[in-house]
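This briefing is intended for a first-year reader. Please examine the sequence and the model below before reading the notes that follow.

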Amino acid sequence: MREFSGTWMRHSGDFWGGFAAMLVALPAAVAFGVTVYSAISPHYAAFGALAGILGATALGLLAPTFGGTDRLISAPCAPAAAVLSAFAIQLVGQGVQPVAVVLMMTVLGILTGLIQTLIGFLGFGRLIKYIPYPVVSGYLSGVGLILIGSQLPKFAGAPIGTSWLDVLITPQHWDWRSLAVGGVTVVAMLVAPKLTKAVPGTIIGILAGILTYAGIASTDPSLLVLDGNTLVIGPLGATGEGYVELITNRWNQIGELKLSQVAGLVGSAITLAALLSIDTLKTCVVLDQMTRTRHDPNRELAAQGFANVVASTIGGMPGAGTMGASLVNLSSGGKTRISGIVEGMMALIVALLLGSFVAWIPIATLSGVLIVVGLRMIDTDPLRFLESRSTVLDFSVVLAVVGVAIFVGLIAASAVGVILSILLFLREQVGGNVVRRKSFVGQRSSTWFRPEVEMKILEQKGNTAVIFELQGSLFFGTTHQLYLTLEPELAVTDYLILDMQRVQSVDVTAAHMLNLVRDVLSERNVPLLLSNVRENLPNGRNLREFFELAGLVANGTTVIFMPSLEAAIEWVEDRLLGEMVKTDANLPPLELHQIELFKGSKPDTLTDLKACMESRSCKAGETIFSRGDSGADLYLLRSGEVRIMGYVGGSSRLCHIATYGRGEFFGGLAFLDQQPRSNDAIASTDAELYVLTHEKFSYLAEAHKRIAFVLISQIARTLAIRLRHTDNELTLLQEN
């Protein structure tokens with residue numbers, strides 16, 4: 001007893017949530033079913049009501065059982081009603097018999113479910129989120145308008161076969177009784193949410209419509225009978241020539257369908273599957289945002305597809321995860337998938353117990369419900385696109401999708417929308433600049449800290465080496481623009497560096513253009529340097545391998561791949577400096593008087609300074625100091641190389657900041673301000689060092705103030721030169 005009580009307490013919210021959701025989903029499902037089957041023949045309206053009930057039951061029981069989203073309510077929906085109604089009207093217009101139309105709709109529903117299941121199992125569920133917003137917006141608005149148009153004749157009580165346009169321009173077709181019932185339903189649905197949140201607006205609208213019908217029937221006895229009454233759904237008919245026999249007959253006739261007929265349904269099935277999938281996943285995303293959860297799109301689509309197969313097999317309508325019922329479920333206490341199962345069970349129980357009541361629901365009431373649903377499907381947000389010239393074309397995509405959906409068809413609308421979105425994307429890509437920054441080696445520097453004399457030479461010769469940092473997508477739409485940018489430099493530059501760090505993708509046309517650039521440069525014996533040629537682009541492509549397949553092979557002469565832009569700049573710097581490049585590691589260690597910092601100092605001064613220094617040897621890979629160390633020693637590099645490594649931007653990954661070579665000093669900032677080390681210093685080769693501790697310097701300063709002053713002045717001057725150069729680089733980066 002206690003376990004039962006605990007279970008009930010845990011799932012009572014699911015029960016009430018599922019029950020409340022049923023009150024919204026079931027009337028809408030009946031309305032959708034009546035809409036679809038009435039398009040076949042007025043006599044099929046009752047079959048449509050049962051199709052809606054069976055669809056709500058099958059989807060409600062199976063989709064949450066196998067799906068992956070809590071609180072999601074699945075039921076027949078507006079997109080399914082719009083597509084199936086248009087499909088039925090088209091077949092009837094071609095003279096297809098009603099029984100055959102029902103059979104074709106059954107096969108269409110099964111194919112739709114199979115396609116959804118396949119999408120889920122293949123893992124394509126995540127791709128639906130990449131459908132452009134203008135296409136989805138236009139599509140849903142188009143479906144909403146189609147739904148409204150299909151309901152206008154029923155809303156006005158016009159004769160079967162009357163188009164919505166004829167209804168609007170021919171008042172003679174109007175039945176004031178139907179208009180009154182439908183009008184009260186619409187007003188009640190729109191006003192109810194402003195008056196109360198306790199009862200769903202759909203329920204209030206249906207009750208208002210039924211009461212209005214009852215009021216009219218009190219003055220017209222002909223409305224108190226079901227037989228021949230075209231204003232209500234009528235008997236559901238489950239025996240004799242009724243629904244059960246119709247279901248049996250359609251499966252007996254499945255074998256008579258030709259393969260070509262089934263194949264002809266694939267296009268409509270793909271369209272319907274896409275619509276139902278979008279509707280479901282859009283609802284899932286909203287639930288995720290409201291409950292801070294995350295759904296599994298592939299599992300959900302597979303479950304929805306399976307449920308749609310079963311629903312269609314037993315004669316029900318296919319559907320999707322519905323927004324309204326799901327939000328009612330959430331607000332009524334639903335927490336798990338059990339609430340969805342409760343909704344399906346309650347739909348069946350209520351339909352069985354109140355079947356006779358369903359027969360008396362006015363068709364105009366259901367039409368009014370669907371007109372409100374259609375109005376709510378129309379997305380007015382794209383109207384804001386008209387406020388700016390930059391987004392007018394995006395609005396045109398929405399408008400085109402809506403127009404094609406109404407006047408041509410939903411399949412054509414989806415194709416037109418995707419094509420237009422692709423064209424807009426290409427426009428944006430072509431209009432963007434694939435060159436992020438142009439600079440020269442004289443303005444930039446590698447991570448190698450060079451002596452002042454070398455830096456002056458690089459500033460003088462650096463304009464003969466140009467750097468282009470590329471970005472975005474290099475494809476056929478941007479290739480010509482990029483070549484026009486590079487072309488003026490091809491005839492004058494001595495070195496060309498193209499950095500690929502921010503390149504997202506490259507196609508064959510762009511690779512062919514780079515081959516052309518290589519050929520033009522090779523005629524002048526100028527190398528093409530490509531830096532950051534990554535093996536894993538965001539699109540998954542191996543850029544190095546792709547370049548090699550396209551003929552852009554690194555050969556060390558005409559084409560050179562560099563691991564980073566800094567490495568490419570360093571390579572060019574070495575060649576611009578010529579004989580002044582890094583000295584051979586076999587050269588003997590520098591003496592104090594040979595170090596640039598102390599050139600011109602008196603021998604006696606250097607003798608006293610050397611007496612305060614200690615010599616130290618470091619092996620390759622040895623850490624000289626680490627970040628956070630409290631030492632304040634000054635290091636003079638007599639031979640070898642030392643790399644400075646730091647944590648850039650607060651990351652936990654060490655990055656190469658600078659390299660010091662023979663004759664340079666490092667550790668000057670800590671030596672001056674006595675603060676902990678901010679980086680790591682690691683010997684990249686065997687190195688010989690002079691080390692001046694701060695204690696020894698303090699002793700030196702007391703005995704030889706002149707020496708201390710000269711040393712501090714030289715250190716400060718060198719640091720100022722480095723800082724000025726760095727400041728110029730930062731200014732360059734900000735300007736671009």
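In this predicted model, strand S6 (495–506) is mostly covered, since nine of its twelve residues are buried. S6 belongs to an open sheet of five strands, and the points below describe that sheet, the helices that lie across it and the cysteines.

**The sheet**

- The five strands follow the order S3-S5-S6-S7-S8, and their pairing is mixed.
- S3 (435–440) and S8 stand at the edges with a single partner strand each, so one side of each has no neighbour in the sheet.
- From one strand to the next, the twist averages 20 degrees.
- In general, the strands of a sheet pair through backbone hydrogen bonds, in either a parallel or an antiparallel sense.

**Partners of S6**

- S5 and S6 run parallel and are joined by nine bridges.
- Within this pairing, Val-466 has Leu-496 of S6 as its bridge partner.
- S6 also pairs with S7 in the parallel sense, over four bridges.
- Here Ile-497 has Leu-529 of S7 as its bridge partner.

**Helices across the sheet**

- Helix H20 lies across S3, S5 and S6, and runs at about 180 degrees to S5.
- Helix H21 lies across S5, S6, S7 and S8, and runs at about 175 degrees to S6.

**Helix H21 in detail**

- H21 comprises the 15 residues 508–522; at 1.5 Å a residue they should span 21 Å, and because the end C-alpha atoms are 21 Å apart, the two values agree.
- At the N-terminal end of H21, Asp-507 acts as a cap: one of its side-chain oxygens lies 3.2 Å from the backbone nitrogen of Thr-509.
- The buried residues of H21 are Ala-510, Ala-511, Met-513, Leu-514, Asn-515, Val-517, Arg-518 and Leu-521.
- The elements that cover these buried residues include the strands S5 (465–474), S6 (495–506), S7 (528–531) and S8 (559–562).
- Helices H20 (476–490) and H22 (543–549) are also among the elements that cover them.

**Cysteines**

- A disulfide is a covalent bond between the sulfur atoms of two cysteines.
- A search of the whole structure finds zero disulfides.
- Why does Cys-77 count as buried? Its relative accessibility is 3%, and buried means under 20% relative accessible area.
- Cys-612 is buried as well, because its relative accessible area is 7%.

Key. Residues numbered from 1 in each chain as written. Predicted model: local features only at pLDDT ≥ 70, side-chain atom pairs only at ≥ 80, totals over all residues. Heavy atoms only, no water. Disulfide = S-S within 2.5 Å. Buried < 20%, exposed > 50% of the residue type's maximum accessible area, 1.4 Å probe, protein only. Helix = DSSP H or I, 4+ residues; strand = E, 2+ residues; numbered from the N terminus. Expected span 1.5 Å × (residues − 1). Contact = heavy atoms within 4.5 Å. Polar contact = N/O pair within 3.5 Å; in protein donor to acceptor, adjacent residues only side chain to side chain. Pairing = 2+ DSSP bridges. Axes fitted to C-alpha atoms, helices over the stretch in contact; angles between N-to-C directions.
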